[in-house]
Every structure is written in C-alpha cells, then in structure tokens.
Amino acid sequence: MVRSHGATSLLVAVLLVLAGCGGFVANGTDGGANPPTTTETATPGTPSPAANGTLEVHFINVGQSVATVLVSPDNETMLIDSGDFTDDGEYVLQYLDRQGIDRIDHFVVSHNDADHIGGNAAVIRHYETEKNGVGAVYDPGIAASTQTYERYLDAVEAHNVTLYETREGDRIPFSGVETTVLGPPEPYLENAARNENSIVLRIEHGETSFLFTGDAEDDQEAYLVDTYGAALRATVLKAGHHGSASSTSGPLLDAAAPRAVVVSSAYDSQYGHPSNETLQRLAARSVPAYWTATHGDTVLTSDGTAVTVSTQRAAPTDPLSLRTGDPIAPSATEPVTPRATYLPHPSPRTDTPVPTATDGGTPIGNTSGDLVIDRVRADAAGDDRDNLNDEYVVFRNAGAEPLEMGGWTVSDEADHSYTVPDGFTLDPDETVTLHTGSGTDTDTDLYWGSGRPIWNNGGDTVTVTDADNETILERSY
C-alpha cells in the first residue's frame, strides 16, 4: 500500500524519531507528482502496448556507488539513487546538467544507505531552488541513523517535497512506460534490513524491459524468484549490490535471463566489487557485462523493439575479462558511442504479421518463430578493422526441434552475404555466434571470413534466408 499525504505523516514521524531530525512537512505542493496507484498484486511480464518513442536509461559513472536517470518517451524523468555521500551529489548534478534535465519528476530511493542517498539533499535543493523542482520522492520507509539520511529528510521538509513510502504492488506513474514495483514486500524481510528491502522496479517499454534490484541480496532475490519466477524476465539487469557475491544469484539470473548486465562500482573498489563469483555466474550464462568503472557512463536506448548500449569507452564485456579494461574517472565528460544492440526475448510464435519499426522503417520481427537474434555487436572493441571477431551476431533456436541451417545465408543491407556450412544444425535453445572475421567453425561459433567490418555501427538489417531463398528472419537494429 502507498502511504501518501496523511499516511506519509505517520511514516515520517517514525523516521524522524530514528534519525533524530526535527520537523517535517509531508504533503507536497499542488504541482507535485501524482501519487502512485496501488494494486493487489503486481503482474510484470504481461503484454505491453505498442511502444511509442524512445526510453533512455543512463547509468552514471559515480565510482563506488550508483545513480541512474531514466527519460521516458513522454520526456518525464526518473532518478534512481544519487551517488555516495563523499561526493554530495557532485557527479550526478554535473551529469544531469550536461543532459539538460531541468526537472526530476520521480526520485526513487532504492534504500537509505549513504552510498545510495549521498546526493539526495543536494539534488533536492538544486532542483527546488534553481530548476523546475522534484515531483515526488519514493522511499522504502526504513530509516538510517546517519547524517546523510538526516540531510535528505531535512531537504524534503525544507522544500515541501511529497514523500511516498513505496512497497510491492505499487505503480509509479512514469508516463510512456509500464513501471511495476516488486519490492520491498509487506512485512519487510530480514527484520527490515535495508539492503534486503530495496525498492525493486521492473520497467517495460514495448517488447523491452529493465530490472533494477537496488542492493537486494540473497533473501530478497529468493523472494523475487519465488514470487515472480519467469515474470522477472528482462532485456537488461542492473547487477544487485554493485556486483557483490551476495547478489545477482544464479536463480535470479535464470529467472530474469538478461541479455546484458550493468555493474556500477569503483575500479579499485575496497569491497572487491564486482566479485569474481558474480562474474563467473554471468560468464557461465554468456551474459555480457558493462562496468561503469571501465565503460564510463553507460546509456541504454530502447525503441521498444531493441536496446542499444552506448558507452564512453570501448572495454571488454566478457565478464571474466572485465577487469582488463582501463579505468575511467567519474568526472570524464567524453560523449558515449554505440557499442551493441540487444534484442528482447521473443514472444511465442504466432501467424500474425510482424510489427514495424517505430520510425516507419523496415519491418522488425521473426517470420519463422524458431530462429531469433539474441544480440548484435556492430561496434567491436577498439578499431573494428583490427578486431573483426569482436563484431558478431548471436542466433538462437527458440523452437522445440533442431534447425538444419546448412546452405542458409545471412546478409546485411549492403548485400554482403555469408552461407552457413552444409550439415550445420542448431539444437533447441542453443546459440551460435557468427563472427565477422576468420577462425575455425564449431558448434557454437561460425566465421564469416570477411577482411573488413560488415555490420553498420549506426544501424543495419540482418536478413536470413533458407536454401530455397525464403526469408526466415529479418531484424533491424
């Protein structure tokens, strides 16, 4: 249930006793955000309406901390966390200013640890006095006995910002996308431990989805998996608790089945984040990882049919090679560059016409229902011409029967063409990666043998035809 306005006053009174703060105004101004609605049960994973416009998800490089800003297709903004207390919101405010964001419509506090609310007071103060304000703050309702927390509540009171206690089943009205709150449950888990009662959000835009788990650890992750199972499925997952060993568990990864994971932590993290155990779990499932410490600011853009990842630096995404990348300072201002495009999990096979791209371009879809594309990496690390095998397309057999692909062709918009070797078979739920460069073919890796890049970094169309020249699959990114 949402505790808004009068109910919020009771919440705040409890928080103030624990935090030792004085005075508080619970109700926001008339210009505040609309309160979140409440449902009896959250239903993530249900079909979404056709996507209009673009959703942006910005993972800001804030060192050993986390801050994420989302911009909806309707140009509403959501800030999830605000960095570490040692920075007092400096990196977050600098980034928001560079992006031209003049209002925070929804300010989500995943939990009240100082490395997540470090910039709360500064963000609220800045946007309420120099910009167009903060619509509302969403908080799980568990206090912390820190000065950082006191300053956050003082800023809420001083600027009369609406504060909502937010729990499982609530829906934040983030215009243009579907936002579902999956945690914390009621009653709280683990005696109201802050990490284990993080606000968990699943955000859908068209066929794509994003899962944000705060610092949820083993107990909350187990609750999520037991309660929602495959409904947690997401195109992109933010690694829990900065990639610690106690988060991003095998069962959560299996339920969410992300195409990619983003880790936010410092390059020289005193806690060893991301942990080797977490990286090994990602590697075992062939999930690429983006690390703000080496990739820098990481921007995900969804048009509802695919997610394109752009980063400041090209760096390894193989989880076991993640630490070989060079560090990038949180203060770096260089622009982001597209690196890869990820396609969401396919819908069940139907005989209905395939959807068209939102910009009126080439139809996007799978005409066979069996062969799907899991990932397109058009921009190889470094110079594409020197690293051709890091440019690739990952195909998967989503059907129940083996696909005999010998003689099938893969082509791009410029009519470059590759023919699958005779006798090649892709078993159900197995993948094969088609690399642009040269190598020895195996059951899981094929090589185009091209001496130059194939896939256009700015967008292209992957077309697969069978031995009878019938189009099997056509995907634009």
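The protein chain exposes about 18600 Å² of surface, and carbon and sulfur atoms supply 46% of that area. Welcome to a predicted model, in which the chain is built with eight helices and 27 strands. Of its 477 residues, 57% are buried. Here is a short tour, topic by topic.

**The chain as a whole**

- If you take the contacts between residues at least 6 apart in sequence, 69% of them join residues at least 24 apart.
- As you scroll through the model, you can look for the eight helices and the 27 strands of the protein chain.

**An enclosed helix**

- Helix α3 covers residues 120–129, and because seven of its ten residues are buried, it is largely enclosed by the rest of the structure.
- Those buried residues are Asn-120, Ala-121, Ala-122, Val-123, Ile-124, His-126 and Tyr-127.
- What do the buried residues of α3 pack against? Their partners include two helices you can find by number, α2 (90–98) and α4 (147–158).
- The buried residues of α3 also pack against the strands β4 (77–80), β5 (104–108) and β6 (134–139).
- It helps to recall that an α-helix has 3.6 residues a turn, so residues three or four places apart point the same way.

**Two cavities inside**

- The structure holds two cavities of 30 Å³ or more.
- The largest cavity has a volume of about 40 Å³, while the second largest has about 30 Å³.
- Which residues line the largest cavity? You will find Phe-395, Met-405, Val-410, Tyr-418, Val-420, Val-432, Leu-434 and Leu-446 around it.
- By class, the lining of the largest cavity is made of eight nonpolar residues, with no polar and no charged ones.
- The second largest cavity is lined by Val-66, Thr-68, Ile-80, Asp-81, Gly-214 and Lys-238.
- That second lining is a mixture: two nonpolar, two polar and two charged residues.

**Two buried residues in strands**

- Thr-298 belongs to strand β15, which spans residues 298–302.
- Is Thr-298 buried or exposed? Thr-298 is buried, because its relative accessible area is 0%, and the cut-off for buried is under 20%.
- A polar atom of the Thr-298 side chain lies 3.0 Å from the backbone oxygen of Gly-296.
- Leaving aside residues up to four places away in sequence, Thr-298 touches Val-57, His-58, Phe-59, Tyr-290, Thr-292, Val-309, Ser-310 and Thr-311.
- Arg-339 sits in strand β17, residues 337–342.
- Arg-339 has a relative accessible area of 10%, so it counts as buried.
- The side chain of Arg-339 has a polar atom 3.3 Å from the backbone oxygen of Thr-337.
- With residues up to four places away in sequence left out, Arg-339 touches Val-309, Ser-310, Thr-311, Gln-312, Arg-313, Ala-314, Arg-377, Ala-378 and Asp-379.
- Val-309, Ser-310 and Thr-311 are touched by Thr-298 and also by Arg-339, which makes them a handy place to start exploring.

**A loop with unusual backbone angles**

- Most residues other than glycine have a negative phi, and most peptide bonds are trans. Keep that in mind for the next few points.
- The peptide bond from Gly-183 to Pro-184 is cis, with omega near 5°.
- Pro-184 lies in the loop that runs between β9 (178–183) and β10 (200–205).
- Another cis peptide bond leads from Glu-186 to Pro-187, with omega near 0°, and Pro-187 is found in the loop between β9 and β10.
- Glu-190 is in the loop between β9 and β10 too, and it has a positive phi of about 45° although it is not a glycine.
- With a relative accessible area of 46%, Glu-190 is partly exposed.
- Ala-192 is another resident of the loop between β9 and β10, and its phi is positive, near 65°.
- Ala-192 has 26% relative accessibility, so it counts as partly exposed.

**A glycine in another loop**

- Gly-449 is located in the loop between β25 (445–447) and β26 (461–465).
- Its relative accessibility of 45% makes Gly-449 partly exposed.
- How far apart are the C-alpha atoms of Gly-449 and Tyr-418? They are separated by 8.7 Å, although the two residues are 31 residues apart along the chain.
- Tyr-418 may be familiar from the list above, as it is one of the residues lining the largest cavity.
- Not counting residues up to four places away in sequence, Gly-449 touches Thr-436, Gly-437 and Ser-438.

Technical notes. Residues are numbered from 1 along each chain as its sequence is written. This is a predicted model: local features need pLDDT of at least 70, side-chain atom pairs count only at pLDDT 80 or more; totals for chains, interfaces and linings use all residues. Side-chain values use heavy atoms; hydrogens and water are left out. On a 1 Å grid over the protein atoms alone, a cavity is a set of points where a 1.4 Å probe fits but cannot get out, and a pocket is an open set with protein on both sides within 12 Å along at least five of seven lines; lining residues have an atom within 4 Å of a point. Grid points are joined across faces, edges and corners, and a volume is the space filled by probe spheres set on the points. Ala, Val, Leu, Ile, Met, Phe, Trp, Tyr, Cys and Pro count as nonpolar, Asp, Glu, Lys and Arg as charged, and the others, Gly among them, as polar. Helices (H or I, at least four residues) and strands (E, at least two) are DSSP runs, numbered from the N terminus. Buried means under 20% relative accessible area, exposed over 50%, partly exposed in between (1.4 Å probe, protein chains only). A polar contact is a pair of N or O atoms within 3.5 Å; within protein, one must be able to donate a hydrogen and the other to accept it, and residues adjacent in sequence count only if both atoms are side-chain atoms. Contact means heavy atoms within 4.5 Å. Accessible areas come from the Shrake-Rupley method with a 1.4 Å probe; for residues, only the protein chains shown count as cover.
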